[in-house]
Amino acid sequence: MLRSVKSLLGRNKQGKKAEQAPVAVAQDLPCPEQQTYVIGDIHGRADLLELMLELIDAHIGGTSATDPKLVFVGDYIDLGPDSAVVLQRMQELQESFPDNVVCLMGNHERMLLDFLADPTTRGPRWLRAGAAETLRSFGVATADLEDTPEYDAFPAAAHSLRRRLPKSTQEWLENLPLSWTSGNLWVVHAGADPGHAMEDQTARVLLWGHPEFDSASRGDDVWIAHGHTEMDAPLAVEGRIATDTAAWKSGRLTACAIRTDGRHDFLQT
């Protein structure tokens, strides 16, 4: 049984005190079967990941939760400086505690895998999304990719990344799930099509979102916690819980702690 995040880490670092963001009041509430922590987009901020795990540990202790679930919404890489460290940490955490830690795939992980499969076609898009920071974190030079890249620049970078990215990590990335559910709570990376049941969502929608996700109601009692869309502050309203607070540039990584009775708190670094 997972009793604290400290036991996951094998570390005991001093962290900042959690800030409690205002909780939106809704008529219907998300009610997972066990206390669940949904952690937003990390984007290469290993420092904030470690701090968030300390804040979750304190919250677990304060609520006397047993057997809590930690669900990460994806986008562990790009934009921030420490993508390689974050990937190693996430893989270690999930593989050590598979019953308590869930790591979902984000669209940035999908772009990395697509780049490895087809660097010439997929490379430019990933580069525009913040890939340079990820490549540099693995020791891959990016100068040849800037301005007007030579034709073979992206294949060369992909070859270099394949040499440095552990095979086990690539396999782990390829097998990340697109969603997780408990009770009436679903956790995905980007959002969902309100016109379809959650079981019928496409991978593209779960990874990249849907134009009506933020505006149309679902017509059921499902709550969807997600990242992907950067917000000034986290939000829990009308069946949606938004957790992406642009940690890579704001320094505010957000988690939503959801209890089995629907009460929820936001934790922020």
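These exercises walk through a predicted model of one protein, each with a worked solution.

**Exercise 1. Overall picture**

Task: Find how many helices and strands the protein has, and what share of its residues is buried.

Solution.
- Step 1. Start with the elements. The protein holds ten helices and eleven strands.
- Step 2. Turn to burial. Of the 269 residues, 55% are buried.
- Step 3. Look at the outside. About 12100 Å² is exposed, and carbon and sulfur atoms supply 47% of that area.
- Step 4. Look at the contacts. Take those between residues at least 6 apart in sequence: 70% of them join residues at least 24 apart.
- Step 5. Check the confidence. The average pLDDT is 90, and 90% of the residues score at least 70. Over residues 9-27, however, the pLDDT is below 50. Beyond near neighbours in sequence, this stretch still has 36 contacts in the model.

**Exercise 2. Strand S10**

Task: Decide whether strand S10 is enclosed or open, and name the strands that pair with S10.

Solution.
- Step 1. Locate the strand. S10 covers residues 254-258.
- Step 2. Sort the side chains. In a regular strand they alternate between the two faces of the sheet. In S10, Thr254, Cys256 and Ile258 point one way, while Ala255 and Ala257 point the other way.
- Step 3. Apply the cut-off. A residue is buried when its relative accessible area is under 20%. Five of the five residues of S10 are buried, so the strand is largely enclosed by the rest of the structure.
- Step 4. Find one partner. Strand S2, residues 36-39, pairs with S10 in the antiparallel sense over four bridges. Tyr37 stands opposite Ala257.
- Step 5. Find another partner. Strand S11, residues 264-268, runs antiparallel to S10 and is joined to it by five bridges. Here Cys256 faces Phe266.
- Step 6. Inspect the turn. S10 and S11 make a hairpin with five residues between them. In that turn, Gly262 has a positive phi of about 95°.

**Exercise 3. Strand S5 and its hairpin**

Task: Say which residues of S5 lie on the covered face, and describe how S5 meets S6.

Solution.
- Step 1. Split S5, residues 179-182, into its faces. Trp180 and Ser182 form the covered face. Ser179 and Thr181 form the uncovered one.
- Step 2. Pair the strands. S5 and S6 (residues 185-188) run antiparallel, joined by four bridges. The bridge partner of Ser179 is Val188.
- Step 3. Close the hairpin. Two residues separate S5 from S6, and Gly183 in the turn has a positive phi of about 60°.

**Exercise 4. The cores and helix H2**

Task: Which helix gives the most to the largest nonpolar core, and how well is H2 covered?

Solution.
- Step 1. Meet the core. It has 52 residues. Ile39, Phe72, Tyr76, Met90, Phe115, Trp126 and Leu161 touch the most other members.
- Step 2. Name the helix. H2, residues 46-63, gives the most, with nine residues.
- Step 3. Note another core, apart from this one. It has 15 residues, among them Val71, Val73, Leu104 and Phe266.
- Step 4. Check the cover of H2. Of its 18 residues, 13 are buried, and the helix is mostly covered.
- Step 5. Check the span. H2 reaches 26 Å from its first C-alpha to its last, close to the 26 Å expected.

**Exercise 5. Three loop residues**

Task: Are Ala129, His43 and Ser64 buried or exposed?

Solution.
- Step 1. Place Ala129. It lies in the loop between helices H5 (119-128) and H6 (131-137). Its relative accessible area is 18%, so Ala129 is buried.
- Step 2. List its contacts, leaving aside neighbours within four places in sequence. Ala129 touches Asp78, Leu79, His108 and Met111. Ala129 and Met111 are 18 residues apart in sequence and 8.9 Å apart in space, C-alpha to C-alpha.
- Step 3. Place His43. It sits in the loop between S2 and H2. With 4% relative accessibility, His43 counts as buried. Its phi is positive, about 45°, although His43 is not a glycine.
- Step 4. Place Ser64. It lies in the loop between H2 and strand S3 (69-72). The cut-off for exposed is over 50%. Ser64 has 61% relative accessibility, so it counts as exposed. Its phi is also positive, near 55°, and Ser64 is a residue other than glycine.

Terms used. Residues numbered from 1 in each chain as written. Predicted model: local features only at pLDDT ≥ 70, side-chain atom pairs only at ≥ 80, totals over all residues. Heavy atoms only, no water. Buried < 20%, exposed > 50% of the residue type's maximum accessible area, 1.4 Å probe, protein only. Pairing = 2+ DSSP bridges. Core = buried A, V, L, I, M, F, W, Y, C linked by side-chain atoms within 4.5 Å. pLDDT = per-residue confidence, 0-100. Contact = heavy atoms within 4.5 Å. Expected span 1.5 Å × (residues − 1). Areas by Shrake-Rupley, 256 points an atom, 1.4 Å probe, with all protein chains shown as cover.
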